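Subject: Structure for you to look at

Dear colleague,

Please find below the structure I promised to hand over, together with its sequence. My notes on what was found in it follow underneath, and I suggest keeping the display open while you read them.

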Amino acid sequence: MSQPLFGLVPAGQPVIVSPSETPTPTTFLFAIPAANSPSPSPSSSASPSFSHIVVFLLPGVVLPEGTAAAIYLVTPGQDGPASKFLGGIGPGKESAIFKLSASSAAGNVVLGISLEPADSVGARMAEMAAAKSASCNGGALVPVPSSSQAQQQPSTIVLAQRIIQNAFNFLASFSGTAGQVEVVPLKAFEEWWKKFESKVRSDPGFLERSD
């Protein structure tokens with residue numbers, strides 16, 4: 001599609017808005033280069049320089065009614081590429097942050113984004129949340145909070161929301177229109193990332209505060 005729909009921010013790397021491949025009008029592949037790799041080649045064995053990645057809808061983007069974006073980690077396999085469902089974004093949840101395991105981050109990272117029925121994506125996300133909750137609680141029906149839970153740092157979801165809110169606040173003043181579509185110049189994203197990265201370096205804990 002000519003109009004970018006999604007933004008990806010690998011930790012420590014610039015924002016990515018253009019997919020590497022578009023197999024179909026509703027599927028998008030983003031090949032993210034590993035550390036110090038000049039080109040996004042999925043066959044490279046170099047290790048990436050990040051373990052978390054934020055995926056979000058670009059400002060002004062509205063997905064087709066009744067759809068959501070399913071996010072997949074795409075890995076090579078003997079019988080062809082395999083995909084692992086990571087989660088989804090859409091109306092009411094415009095961003096998400098994903099942690100990549102050491103095994104999945106063994107080389108260049110390829111993320112797939114697919115526009116699918118919102119009900120289907122929501123159901124799969126609910127199943128993942130239920131499975132994660134059961135695993136964390138050791139199968140207990142009623143979790144017993146520990147004394148340290150009250151002092152836990154913000155969850156990755158909260159941190160992702162604060163990152164995206166920071167981006168939206170900065171980029172709002174750069175938005176314009178191209179025909180009937182609201183757009184933001186790519187240069188504005190680059191400028192936001194420079195300022196955001198500088199802020200993280202000077203004050204690493206600012207995202208953990210609720211102010």
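To begin with a small feature that can be found quickly, strand 2 and strand 3 are joined by a hairpin through two residues. These two strands, of which strand 3 covers residues 27-32, pair in the antiparallel sense over two bridges, and within this pairing Thr-24 stands opposite Thr-27 in strand 3. Please bear in mind throughout that this is a predicted model, and that every value below was computed from it.

The overall picture

The secondary structure of the protein comes to three helices and ten strands, and along the sequence these elements follow the pattern β-β-β-β-β-β-β-β-α-α-β-β-α. Of the 211 residues in the protein, 35% are buried, while the area that the protein exposes is about 12500 Å², with carbon and sulfur atoms supplying 56% of it. If one takes the contacts between residues at least 6 apart in sequence, 67% of them join residues at least 24 apart.

The two open sheets

The hairpin described above belongs to an open sheet of five strands, whose order is 2-3-8-5-6 and whose pairing is antiparallel. Its edge strands are strand 2 (21-24) and strand 6, each of which pairs on one side only, and the twist from one strand to the next averages 25°.

There is also an open sheet of three strands, again with antiparallel pairing, in the order 1-4-7. Here the edge strands are strand 1 (6-10) and strand 7 (95-99), and each of them pairs on one side only; the twist in this case averages 20° from one strand to the next. Strand 4, which covers residues 52-57, pairs with strand 7 in the antiparallel sense over five bridges, and along that pairing Val-54 stands opposite Ile-97 in strand 7.

When you look at the side chains in either sheet, it may help to recall that in a regular strand the side chains alternate between the two faces of the sheet.

The hairpin of strand 5 and strand 6

Returning to the sheet of five strands, strand 5 (residues 67-75) and strand 6 (residues 82-89) pair in the antiparallel sense over seven bridges, and the bridge partner of Ala-70 is Gly-88 in strand 6. The hairpin that these strands form has six residues between the strands, and in it Gly-80 takes a positive phi near 110°.

Pro-76 is found in the loop between strand 5 and strand 6, and Pro-76 counts as exposed because its relative accessibility is 77%, where the cut-off for exposed is over 50%. Although Pro-76 and Val-110 are 34 residues apart in sequence, they are 9.6 Å apart in space, C-alpha to C-alpha.

Ala-82, by contrast, has its place in strand 6, and at 38% relative accessibility Ala-82 counts as partly exposed. Leaving aside its neighbours within four places in sequence, Ala-82 is in contact with Leu-73, Val-74 and Thr-75. Tyr-72 is ten residues from Ala-82 in sequence, and the two are 9.4 Å apart in space, C-alpha to C-alpha.

Helix 3

Helix 3 runs over residues 186-202, and at 1.5 Å a residue its 17 residues should span 24 Å, which agrees with the 25 Å found between its end C-alpha atoms. Which residues of helix 3 are buried? They are Ala-188, Phe-189, Trp-192, Trp-193 and Phe-196, and because they cover an arc of only 135° around the axis, they lie on the same side of helix 3. As background to this, an α-helix has 3.6 residues a turn, so residues three or four places apart point the same way. The face of helix 3 turned away from its buried side carries the exposed residues Lys-187, Lys-194, Arg-201 and Ser-202.

With kind regards

Technical notes
Residues numbered from 1 in each chain as written. Predicted model: local features only at pLDDT ≥ 70, side-chain atom pairs only at ≥ 80, totals over all residues. Heavy atoms only, no water. Pairing = 2+ DSSP bridges. Helix = DSSP H or I, 4+ residues; strand = E, 2+ residues; numbered from the N terminus. Axes fitted to C-alpha atoms, helices over the stretch in contact; angles between N-to-C directions. Buried < 20%, exposed > 50% of the residue type's maximum accessible area, 1.4 Å probe, protein only. Contact = heavy atoms within 4.5 Å. Areas by Shrake-Rupley, 256 points an atom, 1.4 Å probe, with all protein chains shown as cover. Expected span 1.5 Å × (residues − 1). Arc of directions from axis to C-beta.
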